[in-house]
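Here is a short report on a protein model. Please keep the sequence and the structure in view while reading.

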Amino acid sequence: MQNRVKVVCIGHTTTDNLIKYDGTCRFESTGGAGVYAASGASYWGSDHDVGLVTRLGSSYNQSCIEHIRGHRAINDAGMVPMDKKGIHLWLLYDADGYRHWVIHHDSCSREEATPVPSEIPEGFKEARGRSSSIRFRRMRGSRWTPTMSGFSRNTEKNGNAFCAG
């Protein structure tokens, strides 16, 4: 996957346990804004031009990892394995749809799950899309600012980097 990426998505991966008010449950669901952002961008991508930068917990769903790695549009060079379990969430939905987030007791912290500049592949730092701007979503946690400093000025002028999480 040596092709030039056009869009870079940076964010967490999570393992979600969903419980709805009506009793419907979905356990061990793939989650995380990094995966969702890359999935959305991949709709318009091809030939591995959507870069994903994320840390994968040791317990992250292996079939999901294989699916991401095999996707025609997603460049997986920025998917970094961790020795820790990763982020596990309980998502509890009220009758009105309000969602409560509860972090599992042995989950790693957001800080531990946040990619750092050294984990951004060099080829991603020169992302060149059609837009002339970078779009960021302000992240929780202090490590996101240094992560974004890993991108070159060239990317700021000519490319796209999305932070999600």
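## Parallel strands and a crossover

Strand 4 and strand 5 (residues 74–81) run parallel and are joined by six bridges. The model is a predicted one. One residue pair to look for is Val-53, which stands opposite Gly-78 in strand 5. A helix belongs to this arrangement too. Strand 4, helix 2 (residues 62–70) and strand 5 together make a β-α-β unit, and that unit is right-handed.

Val-53 itself is found in strand 4. Is Val-53 buried or exposed? Val-53 counts as buried, because its relative accessibility is 0% and the cut-off for buried is under 20%. Val-53 also has a partner from far along the chain. Its C-alpha atom is separated by 6.9 Å from that of Pro-115, and the two residues are 62 residues apart along the chain.

## The open sheet

Another part of the fold is an open sheet of four strands. The strand order is 3-2-6-7, and the pairing is mixed. Which strands stand at the edges? They are strand 3 and strand 7 (99–103). Each has a single partner strand, so one side of each is left without a neighbour in the sheet. On average, neighbouring strands of this sheet are turned by 25 degrees against each other, with direction ignored.

Inside the order, strand 2 (residues 14–19) pairs with strand 6 in the parallel sense. Six bridges connect strand 2 and strand 6. As one example, Thr-14 has Ile-87 of strand 6 as its bridge partner.

## Aromatic pairs

How many aromatic pairs are there? The count comes to two. Phe-27 and Trp-90 form an edge-to-face pair, with 6.1 Å from centre to centre and 80 degrees between the planes. Phe-27 lies in strand 3 (residues 25–31) and Trp-90 in strand 6 (residues 87–93), so this pair ties together parts that are 63 residues apart in sequence. Phe-27 is partly exposed, at a relative accessible area of 48%. Trp-90 is partly exposed as well, at 26%.

Tyr-43 and Trp-44 also pair. Their ring centres are 5.0 Å apart and their planes are at 80 degrees, so this pair is edge-to-face. The cut-off behind that label is over 60 degrees. Both Tyr-43 and Trp-44 are exposed.

## The buried side of helix 1

Which residues of helix 1 are buried? They are Gly-34, Val-35, Ala-38, Ala-41 and Ser-42. These residues cover an arc of only 130 degrees around the axis, which puts them on the same side of helix 1. A general rule of helix geometry helps here. An α-helix has 3.6 residues a turn, so residues three or four places apart point the same way.

## Two residues with positive phi

Most residues other than glycine have a negative phi. Glu-28 has a positive one, near 55 degrees, and is not a glycine. Glu-28 is found in strand 3. Glu-28 counts as partly exposed, because its relative accessibility is 45% and partly exposed runs between 20% and 50%.

His-48 also has a positive phi, of about 55 degrees, although it is not a glycine. Where is His-48? His-48 sits in the loop between helix 1 (33–42) and strand 4 (50–56). With a relative accessible area of 18%, His-48 is buried. Its side chain reaches the backbone oxygen of Ile-74 at 2.9 Å.

## A buried lysine in a loop

Lys-125 lies in the loop between helix 3 (110–113) and helix 4 (144–148). Why does Lys-125 count as buried? The reason is its relative accessibility of 15%, because buried means under 20%. The side chain of Lys-125 has a polar contact, made with the side chain of Glu-122 at 3.0 Å.

How values were computed. Residues are numbered from 1 along each chain as its sequence is written. This is a predicted model: local features need pLDDT of at least 70, side-chain atom pairs count only at pLDDT 80 or more; totals for chains, interfaces and linings use all residues. Side-chain values use heavy atoms; hydrogens and water are left out. Helices (H or I, at least four residues) and strands (E, at least two) are DSSP runs, numbered from the N terminus. Buried means under 20% relative accessible area, exposed over 50%, partly exposed in between (1.4 Å probe, protein chains only). A polar contact is a pair of N or O atoms within 3.5 Å; within protein, one must be able to donate a hydrogen and the other to accept it, and residues adjacent in sequence count only if both atoms are side-chain atoms. Rings of Phe, Tyr and Trp (its six-membered ring) pair if their centres lie within 6.5 Å; planes under 30 degrees apart count as stacked, over 60 as edge-to-face and the rest as tilted. The arc is that of the directions from the helix axis to the C-beta atoms. Two strands pair if DSSP finds at least two bridges between them. Axes are lines fitted to C-alpha atoms, for helices over the stretch in contact, and angles run from 0 to 180 degrees between N-to-C directions. A crossover is right-handed if, with the strands pointing away from the viewer, the path from the first strand over the helix to the second runs clockwise.
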